[in-house]
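Visitor: Hi! Could you walk me through this structure in plain words?

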Amino acid sequence: MYWPVADLDPVRRLRVLAAGVPGARVAERILPAPFDLVWEVASDLEREFGTFEPDMRDLRIVADDGGGRLVAEARSKYGMRARFDVDLRPGWCWMQSRFLLVGLAATAVPGGTLVAQTGGIRVPGRTALVPLGVRRAGEKALARLATRVAERAR
């Protein structure tokens with residue numbers, strides 16, 4: 001028996017995962033910069049993540065298996081703390097804590113890099129996000145990421 005196989009770039013993969021999470025919304029933006037530069041900024045969780053993710057102040061990696069699986073401790077700008085399981089690889093970052101979810105993906109496209117973001121507050125006991133402000137927060141994160149990438153390109 002042969003099963004169908006679909007190779008998805010990271011942004012398409014994020015869209016598929018978000019489609020399966022009630023309340024999730026995906027924000028997308030093309031940044032006029034090469035993938036390597038965009039992902040260098042986007043994947044620098046300890047130094048850059050808090051500069052573009054609106055609700056995060058800082059994030060610290062506390063465990064790394066060497067294969068892209070990390071554990072991170074984050075603090076919001078409001079002082080709340082969260083411990084995240086992180087899947088980080090080129091073009092892909094998926095972070096989940098007990099109450100929060102953040103997904104970030106990127107892929108090279110003509111004219112630059114397509115970046116997508118989703119995230120929000122998870123509803124305990126259900127696979128769902130509180131949909132209020134999810135898309136707006138994602139758009140804000142991607143605008144800030146664009147600024148950080150432009151600054152790094154100088």
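Guide: Happy to; here is a short tour, starting with the overall layout. This is a predicted model, where local features need pLDDT of at least 70, side-chain atom pairs count only at pLDDT 80 or more, and totals for chains, interfaces and linings use all residues. Residues are numbered from 1 along each chain as its sequence is written, and side-chain values use heavy atoms, with hydrogens and water left out.

Visitor: Cool. How many helices and strands are there in the chain?
Guide: The chain has four helices and seven strands. Helices (H or I, at least four residues) and strands (E, at least two) are DSSP runs, numbered from the N terminus. Along the sequence the pattern reads α-β-α-α-β-β-β-β-β-β-α.

Visitor: And how compact is it as a globular protein?
Guide: The radius of gyration is 15 Å, close to the 15 Å that the globule rule gives for 154 residues, so the chain is as compact as a globular protein of that length. That radius is taken over C-alpha atoms, and the rule is 2.2 Å times the number of residues to the power 0.38.

Visitor: What share of the residues is buried?
Guide: Buried residues make up 42% of the 154 in the chain. Buried means under 20% relative accessible area, exposed over 50%, and partly exposed in between (1.4 Å probe, protein chains only).

Visitor: Let's zoom in on α1. Which of its residues are buried?
Guide: In helix α1 (residues 10-19), P10, V11, L14 and A18 are buried. Seen down the axis of α1, the buried residues fall within an arc of 100°, so they line one face of the helix. The arc is that of the directions from the helix axis to the C-beta atoms. On the face turned away from that buried side, α1 carries the exposed residues V16 and A19.

Visitor: What do the buried residues of α1 pack against?
Guide: They pack against β1 (27-31), β5 (92-96), β6 (100-109) and β7 (112-121).

Visitor: Any aromatic pairs? How many does a search of the whole structure find?
Guide: The search finds three. Rings of Phe, Tyr and Trp (its six-membered ring) pair if their centres lie within 6.5 Å; planes under 30 degrees apart count as stacked, over 60 as edge-to-face and the rest as tilted. One of the pairs is F35 with W39, which is stacked at 6.4 Å centre to centre and 5° between the planes. F35 and W39 are four residues apart in helix α2 (residues 35-42), so about one helical turn separates them. W39 is buried, at 7% relative accessibility.

Visitor: What about F49 and F52?
Guide: F49 and F52 pair edge-to-face, at 5.5 Å centre to centre and 75° between the planes. They sit three residues apart in helix α3 (residues 49-52), again about one helical turn. F49 is buried at 1% relative accessible area, and F52 is buried at 2%.

Visitor: New topic: where is Q117 found?
Guide: Q117 is in strand β7. With 4% relative accessibility, Q117 counts as buried.

Visitor: Which side chain does Q117 join in a polar contact?
Guide: The side chain of E53, at 3.3 Å. A polar contact is a pair of N or O atoms within 3.5 Å; within protein, one must be able to donate a hydrogen and the other to accept it, and residues adjacent in sequence count only if both atoms are side-chain atoms.

Conventions
Contact = heavy atoms within 4.5 Å.
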